[in-house]
Amino acid sequence: MITQAIAAGVAAATLGLATPGFARDEAKEYANAKLVQDFYAELETATASGKIKDQVDAIAVKYLAPNYIQHMEGAPSGRDGFVQLLGSMQPGPPLPPAKLLALMADGDKVIQVTSRDLPNPVTHTPKATLIWNMFRIENGQLAEHWDSTPGFGLPPAKP
């Protein structure tokens, strides 16, 4: 009986049936995480220098797949949609730098969690806001994106 169980396990492993998805390509995951980190670093640098509109095309070509899928509500998909979105944004006061809290890769997915002190829209006082972004990587480029929209809860009650 034990011999049959071992033989079945060996056969299943040989066929790829017993692999629970734990085999990891750590070098690939590291490269995927670095891709996301480098993408945000270039966006932050271009934004801080006031040159984002001049540099967004080159950044998009370097990092985004042409058929990039954007899941952020109201934002267009595609590399061209990303360029259009960033190109249409009005310059505002510089944002405080984001603090990296976590960067995790699992296969072709990378999650980045940051904190940024953003003004509360009701009280206008700075508030640490957690922001997460998840990307799917394909052929060394960002192919798909999900993110969170910071929320600030209900406005204070009127006296």
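A pocket is here an open set of grid points with protein on both sides within 12 Å along at least five of seven lines, and its lining residues are those with an atom within 4 Å of a point. In the predicted model described here, the largest pocket is lined by 44 residues. Those that lie nearest its centre are Glu44, Thr47, Met89, Leu95 and Arg116. The space within this pocket amounts to about 1600 Å³.

The pocket is set in a chain of four helices and five strands. Read from the N terminus, the order of these elements is α-α-α-β-α-β-β-β-β. The chain has 159 residues, and 30% of them count as buried. Its exposed surface is about 10700 Å², of which 62% is supplied by carbon and sulfur atoms. Where contacts in the chain link residues at least 6 apart in sequence, 45% of them join residues at least 24 apart.

Both helices and strands contribute to the lining of the largest pocket. At least two lining residues come from each of helix H2 (26-48), helix H3 (52-63) and helix H4 (79-88). The same holds for strand S1 (64-70), strand S2 (99-106), strand S3 (109-119), strand S4 (126-138) and strand S5 (141-147). With eight residues, H2 gives the most to this lining. By residue class, the lining consists of 24 nonpolar, 13 polar and seven charged residues.

Arginine 116, one of the residues nearest the centre of the largest pocket, belongs to strand S3. Its relative accessible area is 11%, so arginine 116 is classed as buried, the limit for that class being under 20%. The side chain of arginine 116 forms a polar contact, at 2.5 Å, with the side chain of glutamate 44. Glutamate 44 is likewise among the residues nearest the pocket centre. When neighbours within four places in sequence are left aside, arginine 116 is in contact with Glu44, Leu95, Pro96, Pro97, Ala98, Lys127, Ala128, Thr129 and Ile131.

One of these contact partners of arginine 116, Pro96, can also be related to helix H2, in which alanine 48 is placed. The C-alpha atoms of alanine 48 and proline 96 are 9.6 Å apart in space, while the two residues are 48 residues apart in sequence. Alanine 48 itself is exposed, with a relative accessible area of 70%.

Helix H4, which supplies at least two residues of the pocket lining, also has a buried set of residues. This set comprises Arg79, Gly81, Phe82, Val83 and Leu86. The buried residues of H4 pack against H2, H3, S1 and S5. In general, an α-helix has 3.6 residues a turn, so residues three or four places apart point the same way.

Positive phi values were examined in two loop residues. Histidine 124, located in the loop between S3 and S4, has a positive phi of about 65° although it is not a glycine. With a relative accessible area of 61%, histidine 124 is exposed. Asparagine 139 is found in the loop between S4 and S5. Its phi is near 55°, again a positive value in a residue other than glycine. Asparagine 139 also counts as exposed, at 76% relative accessibility.

Key:
Residues numbered from 1 in each chain as written. Predicted model: local features only at pLDDT ≥ 70, side-chain atom pairs only at ≥ 80, totals over all residues. Heavy atoms only, no water. 1 Å grid on protein atoms, 1.4 Å probe; cavity = no way out; pocket = protein on both sides within 12 Å on 5 of 7 lines; lining within 4 Å. Points joined across faces, edges and corners; volume = space filled by probe spheres on them. Nonpolar A, V, L, I, M, F, W, Y, C, P; charged D, E, K, R; others polar. Buried < 20%, exposed > 50% of the residue type's maximum accessible area, 1.4 Å probe, protein only. Contact = heavy atoms within 4.5 Å. Areas by Shrake-Rupley, 256 points an atom, 1.4 Å probe, with all protein chains shown as cover. Polar contact = N/O pair within 3.5 Å; in protein donor to acceptor, adjacent residues only side chain to side chain.
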